[in-house]
Amino acid sequence: MKILLTNDDSIESSGLKSLAKSLTQIGEVYIVAPQKPQSAGGHGITMHKPLRAETIPINVGEKASYRVSGTPADCVMLAIDVLVKDVDIVVSGINLGPNLGDDIIYSGTVAGAREGAMNNKLSFAVSVNDFENPDFEFFSDLAKKIIQKLVDVVKEHSACININFPKDKENIKGIRVTSLARRRYKNRVTIGKDPFGREFYWIGGVLDDPMVDDTDSKLIEEGYVTVTPLAIDQTDYNLLKQIENTKIEI
Ligand code: MN
């Protein structure tokens, strides 16, 4: 099995190196990852300037490794079409920090997996709900087991599966297949003053999550590993039915 590994925290990140090492136990690992951090960069692609890819050994048993001057989606596209080819599965992570609920729209990690699925590859995004110092070795081993199991079970080639690990590895309650949550924030924009007296704005905020039962956002807080299949087709079929016969005058 030819595994393409990318991420959005850059090729230097510990989460990527650790996951690469674990994945060598279940397949041939090819790393194609961004040169610079791309977190919260979403599914952007680089169309208005050239991209560069350099080979750079990570030395964890990978078949090859490339550092790309672009986004996670760029990396997957380059890997599938040019650098690696004949990829069987795509894995993106392990991300430092969670990718839950609505936040996946902004996520570079999920974009890497989504790009894989859009190219008919079974794809996985892997994140951990810890921004400080997760035990990547532990979570990489667990990710490897979950991915291997799902590779055996999932027959759809274009599937995109979002995996999140809870912060506390000592008290993991189990693995739950679940849906995305709404993910809301308050105080999203902080206003400050730069040294020249001009206002600046800093986006961040505090989680103000409604915490609905049986959604990824709540289950992760309860200590579960969450596994969520993501749809690529974003059509709202209910709304489509509701408005498809509406006469709109031109
Ligand atoms: Mn990230």
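How many bridges join β5 to strand β6, and which way do the two run? There are 6 bridges, and the strands run parallel. Strand β6 covers residues 122-128. One pair to look up on screen: I89, whose bridge partner in β6 is L122.

A caution before I go on. This is a predicted model.

Now the whole sheet. It has 9 strands and it is open. Read the order with me: β3-β4-β2-β1-β5-β6-β7-β13-β8. The pairing is mixed. As general background, strands in a sheet pair through backbone hydrogen bonds, parallel or antiparallel. Which strands stand at the edges? They are β3, residues 53-55, and β8, residues 174-177. Each has a single partner strand, so one side of each has no neighbour in the sheet. From one strand to the next, the twist averages 20°.

Next, the metal. The ion is manganese, and its donors are D8 (OD), D9 (OD), S39 (OG) and N95 (OD1). The distances run from 2.1 to 2.2 Å. Along the chain, the donor spacing reads D-D-x29-S-x55-N. Are the two aspartates buried or exposed? D8 has 2% relative accessibility, so D8 counts as buried, the cut-off being under 20%. D9 is at 15%, so D9 counts as buried too.

On to the pockets. In general terms, rolling a probe the size of a water molecule over the atoms shows where empty space is left.

The largest pocket has a volume of about 840 Å³. It is lined by 28 residues, and the closest to its centre are A40, D103, Y106, Y185 and G204. Which elements each supply at least two lining residues? Strand β5 (89-96) does, as do helix α3 (108-118) and strand β12 (206-207). So much for location; here is the chemistry. The lining of the largest pocket splits into 10 nonpolar, 10 polar and 8 charged residues.

The second largest pocket comes to about 310 Å³. Of its 15 lining residues, I104, I105, L180, L230 and A231 are the closest to the centre. Strand β13, residues 224-230, gives the largest share of that lining, with 3 residues. By class, the second largest pocket has 7 nonpolar, 4 polar and 4 charged lining residues.

Let me tie the parts together. Strand β5 pairs with β6 in parallel, and β5 also supplies at least two residues of the lining of the largest pocket. Strand β13 sits between β7 and β8 in the sheet order, and β13 also contributes 3 residues to the lining of the second largest pocket.

Key:
Residues are numbered from 1 along each chain as its sequence is written. This is a predicted model: local features need pLDDT of at least 70, side-chain atom pairs count only at pLDDT 80 or more; totals for chains, interfaces and linings use all residues. Side-chain values use heavy atoms; hydrogens and water are left out. On a 1 Å grid over the protein atoms alone, a cavity is a set of points where a 1.4 Å probe fits but cannot get out, and a pocket is an open set with protein on both sides within 12 Å along at least five of seven lines; lining residues have an atom within 4 Å of a point. Grid points are joined across faces, edges and corners, and a volume is the space filled by probe spheres set on the points. Helices (H or I, at least four residues) and strands (E, at least two) are DSSP runs, numbered from the N terminus. Ala, Val, Leu, Ile, Met, Phe, Trp, Tyr, Cys and Pro count as nonpolar, Asp, Glu, Lys and Arg as charged, and the others, Gly among them, as polar. Donors are N, O and S atoms within 2.8 Å of the metal (3.2 Å for Na, K and Ca); water is not among the atoms, so sites may look incomplete. Buried means under 20% relative accessible area, exposed over 50%, partly exposed in between (1.4 Å probe, protein chains only). Two strands pair if DSSP finds at least two bridges between them. Axes are lines fitted to C-alpha atoms, for helices over the stretch in contact, and angles run from 0 to 180 degrees between N-to-C directions.
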